Amino acid sequence: MALHRDSAPRLHWTNGFGPVPKDGTSTEAIGREAGGTAVLARTAAAARLLTASTFLWAFADKAFGWGYATPAGRGWTDGGSPTRGFLSGVAAGPLESVFHSWAGAWWADWLFMLGLLGIGAALASGVALRITAVAGTVMMALMWAAEWPPARHLSDGAPSMSTNPLVDYHVLYAALLVVLAVAGAGRTWGLGRWWEHLPLVRGHRWLR
């Protein structure tokens with residue numbers, strides 16, 4: 001009676017970056033798998049840092065009026081409102097009047113700016129990515145509702161020029177934040193490993 005050995009390597013899972021060969025595999029195969037895992041980890045880290053720069057730039061431009069989205073002299077530090085222009089310009093969707101009432105409110109300005117800064121700083125450092133994914137998703141959902149891509153026409157009857165009624169860049173940003181959190185992207189080129197070993201974080205996994 002012939003005995004047949006399964007040639008497929010047994011696998012175990014690593015910290016969010018896929019399977020690694022275990023038992024009975026060659027050193028070359030293990031090296032290839034480890035190399036692929038390292039490349040994936042660095043790719044996720046690069047995506048995290050690029051996303052961080054997007055949020056931090058938006059915060060700085062709105063805070064100091066660098067002359068891009070926010071004209072010079074109209075930054076938050078100059079007495080301008082980061083939310084007034086955007087929210088007062090909402091022209092579609094069931095929350096149009098709600099967003100108009102929020103435009104320029106001090107609490108809306110503070111929440112928006114702290115959200116941009118907090119999400120950007122967390123992504124840059126690689127800590128608390130799960131909380132960041134939740135906070136970022138909430139922010140993106142509100143901004144999606146403000147632009148209301150499903151509308152074909154604005155409240156004044158003009159075409160909305162929406163390119164997609166459901167999936168726009170806000171949805172993509174939210175999805176990316178979730179992927180970065182699930183992948184543990186803060187462990188590479190970040191403080192994610194140090195953060196995860198803090199006593200408070202070890203006892204509360206949702207803080208990772």
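Modeller: One term first: a residue is buried when its relative accessible area is under 20%, exposed when it is over 50%, and partly exposed in between. Please keep in mind, too, that this is a predicted model.

Biologist: Happy to. What pattern does the protein chain follow along the sequence?
Modeller: The secondary structure comes to eight helices and two strands. Read along the sequence, the protein chain has the pattern β-β-α-α-α-α-α-α-α-α.

Biologist: What average pLDDT does the protein chain have?
Modeller: Confidence varies along the protein chain: over residues 1-17 pLDDT stays under 50, and the model has 29 contacts beyond four places in sequence for that stretch. Where pLDDT is low, the predicted coordinates should not be read in detail. Of the residues, 83% score at least 70, and the protein chain averages a pLDDT of 89.

Biologist: What share of the 208 residues in the protein chain is buried?
Modeller: Let me begin with the outside: the accessible surface comes to about 12,600 Å², and 66% of that belongs to carbon and sulfur atoms. Among the 208 residues of the protein chain, the buried share is 35%.

Biologist: Which elements give two or more residues to the largest nonpolar core?
Modeller: The largest nonpolar core holds 20 residues, and those touching the most other members are F55, F112, M113, L116, L123, M139 and M140. The elements that give two or more residues to this core are helix 1 (27-64), helix 4, helix 5 and helix 6.

Biologist: Which residues is F55 in contact with, leaving aside its neighbours within four places in sequence?
Modeller: F55 belongs to the group that touches the most other members of the largest nonpolar core. Leaving aside neighbours within four places in sequence, the contacts of F55 are L116, I119, G120, L123, M139 and M140.

Biologist: And how many residues are in the other core, the one that includes L87 and W144?
Modeller: That core lies apart from the largest one. V90 and F99 are also among its members, and its residues number seven.

Biologist: Over to helix 5. What distance does helix 5 reach from its first C-alpha to its last?
Modeller: Helix 5 has 19 residues, and at 1.5 Å a residue the expected value is 27 Å. The model comes close to that, with a reach from first to last C-alpha of 26 Å.

Biologist: Which residues does T132 touch, not counting those up to four places away in sequence?
Modeller: T132 lies in helix 5, where the buried residues also include L129, A133, G136, M139 and W144. With a relative accessible area of 6%, T132 falls under the 20% cut-off and is therefore buried. Not counting residues up to four places away in sequence, T132 touches I119, A122, L123, V127 and L177.

Biologist: Is A128 buried or exposed?
Modeller: A128 sits in the loop between helix 4 (106-125) and helix 5 (129-147). Although A128 is not a glycine, its phi is positive, at about 50 degrees. The relative accessible area of A128 is 13%, which is under 20%, so A128 counts as buried.

Biologist: W148 has a positive phi too; is W148 buried, exposed or partly exposed?
Modeller: W148 follows helix 5 and is placed in the loop between helix 5 and helix 6 (169-182). W148 is not a glycine, yet its phi is about 45 degrees. The relative accessibility of W148 is 25%, which lies between the 20% and 50% cut-offs, so W148 is partly exposed.

Biologist: Within what arc do the buried residues of helix 6 fall, seen down its axis?
Modeller: The buried residues in helix 6 are H170, A174, L177, L180 and A181. Seen down the axis, they line one face of the helix, while L172, V179 and V182 are exposed on the other side. That one-sided arrangement follows because the buried residues fall within an arc of 125 degrees.

Biologist: How far apart in space are A174 and A135, C-alpha to C-alpha?
Modeller: A174 has its place in helix 6 and counts as buried, at 12% relative accessibility. Not counting residues up to four places away in sequence, A174 touches T137 and M140. A174 and A135 are 39 residues apart in sequence, and their C-alpha distance in space is 9.4 Å.

Notes:
Residues are numbered from 1 along each chain as its sequence is written. This is a predicted model: local features need pLDDT of at least 70, side-chain atom pairs count only at pLDDT 80 or more; totals for chains, interfaces and linings use all residues. Side-chain values use heavy atoms; hydrogens and water are left out. Helices (H or I, at least four residues) and strands (E, at least two) are DSSP runs, numbered from the N terminus. Buried means under 20% relative accessible area, exposed over 50%, partly exposed in between (1.4 Å probe, protein chains only). A nonpolar core is a set of buried Ala, Val, Leu, Ile, Met, Phe, Trp, Tyr and Cys residues joined through side-chain atoms within 4.5 Å. Contact means heavy atoms within 4.5 Å. The expected span of a helix is 1.5 Å times one less than its number of residues. The arc is that of the directions from the helix axis to the C-beta atoms. pLDDT is the predictor's confidence in each residue, from 0 to 100. Accessible areas come from the Shrake-Rupley method with a 1.4 Å probe; for residues, only the protein chains shown count as cover.
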